[in-house]
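Colleague: I am new to this structure and would like a close look at a single part of it. Please take me through the sheet, strand by strand, and then through the loops beside it.

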Amino acid sequence: MTGSPPIAETELRAHAAEAGAHPRCADCTALQKPGWESISGAMQTSHLQRVGALGTEADWERLDEYHPQGTNLWSPEAPIALGWHPYNRCTLWRCPRCTGAFLRYTEYGGYYEEERIRPLQAALICAPPFGGG
Ligand SMILES: [Zn+2]
C-alpha cells in the first residue's frame with residue numbers, strides 16, 4: 001500500500017498555511033506542542049485524518065538529520081527538513097474540525113515501537129539539499 005506519490009512541498013506548505021490561519025480545536029490544542037511528542041494512551045488523536053506520506057519507503061533508509069543551528073530531534077525549533085530523517089518517513093494528518101496539521105511517524109527501537117507526533121509549522125519547513133556525505 002505504498003503506491004501513492006508522496007506529498008509535494010507546495011501541498012505541505014498549503015496545509016501548514018491553512019492550519020496557521022485557524023485556531024486549534026480542543027482536541028488539537030492538547031497536541032499543539034512545538035516539538036516531537038510521544039503519543040501516549042491519554043492523547044486524543046482519533047479525530048485526525050491521514051492525508052498521505054511525505055516520502056516513499058525508499059526514503060526511509062536515510063537516517064541523516066538536518067540541524068544547522070545545533071538543534072536535535074526533540075528541539076521545539078528543529079527544522080522540518082523534507083527528505084531528512086525523520087520527516088522522510090512521516091505521514092501528514094489533518095483535523096477536519098480546525099484544519100490543524102500534524103506530522104506523525106513511528107520510531108522502531110530494538111525492543112519497542114513509539115508513535116510520535118509534531119504540529120506542522122510553516123516557518124520550520126525547509127527542503128535543504130543533501131550534502132556530499
Ligand atoms: Zn482540531
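Modeller: Here is the sheet, set first in its chain and then followed through its strands and loops.

This is a predicted model, in which local features need pLDDT of at least 70, side-chain atom pairs count only at pLDDT 80 or more, and totals for chains, interfaces and linings use all residues. Residues are numbered from 1 along each chain as its sequence is written.

Start with the chain. Its secondary structure comes to 2 helices and 7 strands. Helices (H or I, at least four residues) and strands (E, at least two) are DSSP runs, numbered from the N terminus. From that end, the elements run α-α-β-β-β-β-β-β-β. The radius of gyration is 14 Å, close to the 14 Å that the globule rule gives for 133 residues, so the chain is as compact as a globular protein of that length. That radius is taken over C-alpha atoms, and the globule rule is 2.2 Å times the number of residues to the power 0.38. Along its principal axes, the C-alpha trace spans about 45 × 35 × 35 Å.

Now the sheet. It is open, has 5 strands and follows the order E1-E6-E5-E4-E2. The pairing is antiparallel. Strands E1 (37-38) and E2 (49-53) stand at the edges, each with a single partner strand, so one side of each has no neighbour in the sheet. Two strands pair if DSSP finds at least two bridges between them.

Take the pairs in turn. E2 pairs with E4 (residues 91-94) over 4 bridges, in the antiparallel sense. Here Gln49 has Arg94 of E4 as its bridge partner. E4 also pairs with E5, again antiparallel, over 4 bridges. Leu92 is bridged to Leu103 in E5. Next, E5 (residues 101-108) and E6 (residues 113-119) run antiparallel, joined by 7 bridges. Glu107 stands opposite Glu114 in E6.

Look next at the turn. E4 and E5 form a hairpin, with 6 residues between them. Thr99 lies in this loop between E4 and E5. Thr99 has a positive phi of about 65°, although it is not a glycine. Most residues other than glycine have a negative phi. With 18 C-beta neighbours inside 10 Å, Thr99 counts as partly exposed. The scale is this: a residue is buried if 20 or more other C-beta atoms lie within 10 Å of its own, exposed if 12 or fewer, and partly exposed in between, with C-beta atoms placed from the backbone.

Step back to the loop between E3 and E4. Pro86 is found there. A cis peptide bond joins His85 and Pro86, with omega about 0°. Most peptide bonds are trans.

Strand E3 (residues 80-81) holds Ile80. Ile80 is buried, with 22 other C-beta atoms within 10 Å. Leaving aside neighbours within four places in sequence, Ile80 is in contact with Tyr87, Leu120, Gln121, Leu124, Ile125 and Cys126. Contact means that the C-beta atoms of two residues, placed from the backbone, lie within 7 Å. Pro129 is 49 residues from Ile80 along the chain, and their C-alpha atoms are separated by 13 Å.

Two totals finish the picture. Buried residues make up 26% of the 133 residues in the chain. Of the contacts with a separation of 6 or more, 68% come from residues 24 or more positions apart.
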